[in-house]
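Student: Could we take a close look at one small part together and then work outward from there? I'd like to see how you read it, step by step.

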Amino acid sequence: MLAVLLALFLHLYNPVYGVFQKLYCTISDSCDCDFKPALRDLEWDLYKNLYGQHLAQDIISEEVGRFLQNKSPERPLVLSFHGSSGTGKTLVSSMLGNHLYGSAMSSPYIHQFVPTLHFPSPDRVEEYREDLKNWVQGNLTKCARSVFMFDEMEKMAPGIIDVLEPFLGPSHVVFRTNYRKAIYIFISTTGGEVINKLALDNRLAGRDREEIKMADLQEAIAQTVYNSNTSGFFNSSIIQQKLITGYVPFLPLSRRHVERCVQSQLCVQGSCSRSDVVKAVVDDMIYTPDQGQYFSTTGCKTVPAKINLFL
């Protein structure tokens with residue numbers, strides 16, 4: 001009751017909001033106290049620390065910005081990240097959490113799922129469906145501003161994720177609760193082959209990387225994840241009903257992008273001047289195709305381990 005009265009007081013007397021905000025948050029369970037979106041910081045982080053991903057930078061900045069500026073969205077924000085290992089998908093999901101909540105990725109309103117940990121047995125799909133529905137429903141009842149991240153979707157048994165369909169649509173009320181302010185992030189390597197082929201074809205045609213457009217990949221990624229029996233979205237009603245706000249492609253990384261990854265990691269360790277280590281790590285990576293060797297097969301994923309090897 002005290003929290004409700006204090007909230008009303010703050011609403012009526014905006015000039016004193018800053019003075020009493022901390023007091024309100026100490027006695028209230030409102031998740032809005034931790035929800036502190038910093039869009040400009042997110043955009044800067046994407047620009048500065050995400051290498052070679054102009055499509056991801058643009059799509060995420062635009063979609064997240066549009067969603068958060070709408071005080072009454074018609075549906076949740078649902079983004080699906082696709083690309084080969086080491087291209088920045090997990091890094092971007094962390095950036096989102098870091099710039100949405102005051103307590104960053106440690107916020108209790110960010111929920112992360114890994115299939116091999118949370119849904120390990122293919123013969124328990126129905127049990128997992130019920131558990132997932134209850135978990136999402138329960139946490140959204142507590143906090144409409146919840147974020148749900150599903151990593152390694154290529155390892156999730158088909159059928160589990162479809163239990164979320166009622167939560168992802170435009171319905172104003174689901175199970176008596178407004179769920180339209182939630183954010184869902186799906187992360188997968190499925191679709192990476194399609195993305196890599198387009199990037200290679202573009203490179204062989206002599207076109208700039210930035211000439212690749214989202215329209216070139218959107219439908220191709222959707223069809224790939226829907227038709228792949230190694231995808232958690234295999235024959236998914238979520239795909240059929242077009243409930244994904246945006247498919248975000250992560251392009252394969254070239255040598256110059258790997259070089260930036262190495263340089264950045266070295267600076268974090270206080271060794272910015274070690275150009276010898278940068279060259280050694282970049283030269284030690286494996287690149288594809290055999291003729292041309294344009295793209296790193298592991299992106300930046302193995303960079304920290306290789307730096308330790310050559311330092």
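Student: In which helix are lysine 197 and aspartate 201, and how many residues apart are they?

Tutor: Before we zoom in, keep in mind that this is a predicted model. Lysine 197 and aspartate 201 are both in helix H9, which covers residues 192-204, and they are four residues apart, so about one helical turn separates them. Their side chains form a salt bridge, with the closest N and O atoms 2.9 Å apart. That passes the test, because a salt bridge here needs such a nitrogen and oxygen within 4 Å. In general, side chains of opposite charge can pair when their charged atoms come close. What about their surroundings? Lysine 197 is exposed, at 51% relative accessible area, while aspartate 201 is partly exposed, at 34%. Salt bridges can also share partners: Arg255, Lys279 and Asp283 are joined into one network that way.

Let's look at other pairs, since the count comes to ten salt bridges. In helix H7 (residues 125-142), lysine 133 and glutamate 130 are three residues apart, which again makes about one helical turn. Their closest N and O atoms are 4.0 Å apart. Lysine 133 is partly exposed at 22%, and glutamate 130 is partly exposed at 40%. Then there's glutamate 152 with lysine 155, a salt bridge of 3.7 Å from N to O. Glutamate 152 counts as partly exposed at 23%, and so does lysine 155, at 47%.

Now let's go inside. In general, nonpolar side chains of soluble globular proteins tend to be buried together. Here, buried residues make up 46% of the 311 residues. The largest nonpolar core has 71 residues, and Phe81, Leu132, Phe150, Ile161, Leu164, Tyr184 and Phe186 touch the most other members. Helix H4 (residues 54-69) gives this core its largest share, seven residues. Try clicking on isoleucine 161: its contacts include Leu132, Phe150, Met153 and Phe186, leaving aside residues up to four places away in sequence. Apart from that core lies another one, of 15 residues, with Val258, Cys261, Val281 and Tyr287 among them.

Cysteine 261 has a second story, as part of one of the structure's two disulfides. It is joined to cysteine 300, with 1.8 Å from S to S. This pair links distant parts of the chain, 39 residues apart: cysteine 261 is in helix H12 (residues 255-268), and cysteine 300 is in the loop between strand E7 (295-296) and helix H14 (303-310). Cysteine 261 is buried at 12%, and cysteine 300 is buried at 15%. The other disulfide is formed by cysteine 267 and cysteine 272, with their sulfur atoms 2.0 Å apart. Here, cysteine 267 is partly exposed at 34%, and cysteine 272 is partly exposed at 39%.

Finally, have a look at helix H14. Val303, Lys306 and Ile307 are buried in it. Looking down the axis of H14, you'd find its buried residues within an arc of 105 degrees, so they line one face of the helix. They pack against H12 and helix H13 (275-284). The face of H14 turned away from that buried side carries the exposed residues Ala305, Asn308 and Leu309.

Notes
Residues numbered from 1 in each chain as written. Predicted model: local features only at pLDDT ≥ 70, side-chain atom pairs only at ≥ 80, totals over all residues. Heavy atoms only, no water. Disulfide = S-S within 2.5 Å. Helix = DSSP H or I, 4+ residues; strand = E, 2+ residues; numbered from the N terminus. Buried < 20%, exposed > 50% of the residue type's maximum accessible area, 1.4 Å probe, protein only. Arc of directions from axis to C-beta. Contact = heavy atoms within 4.5 Å. Core = buried A, V, L, I, M, F, W, Y, C linked by side-chain atoms within 4.5 Å.
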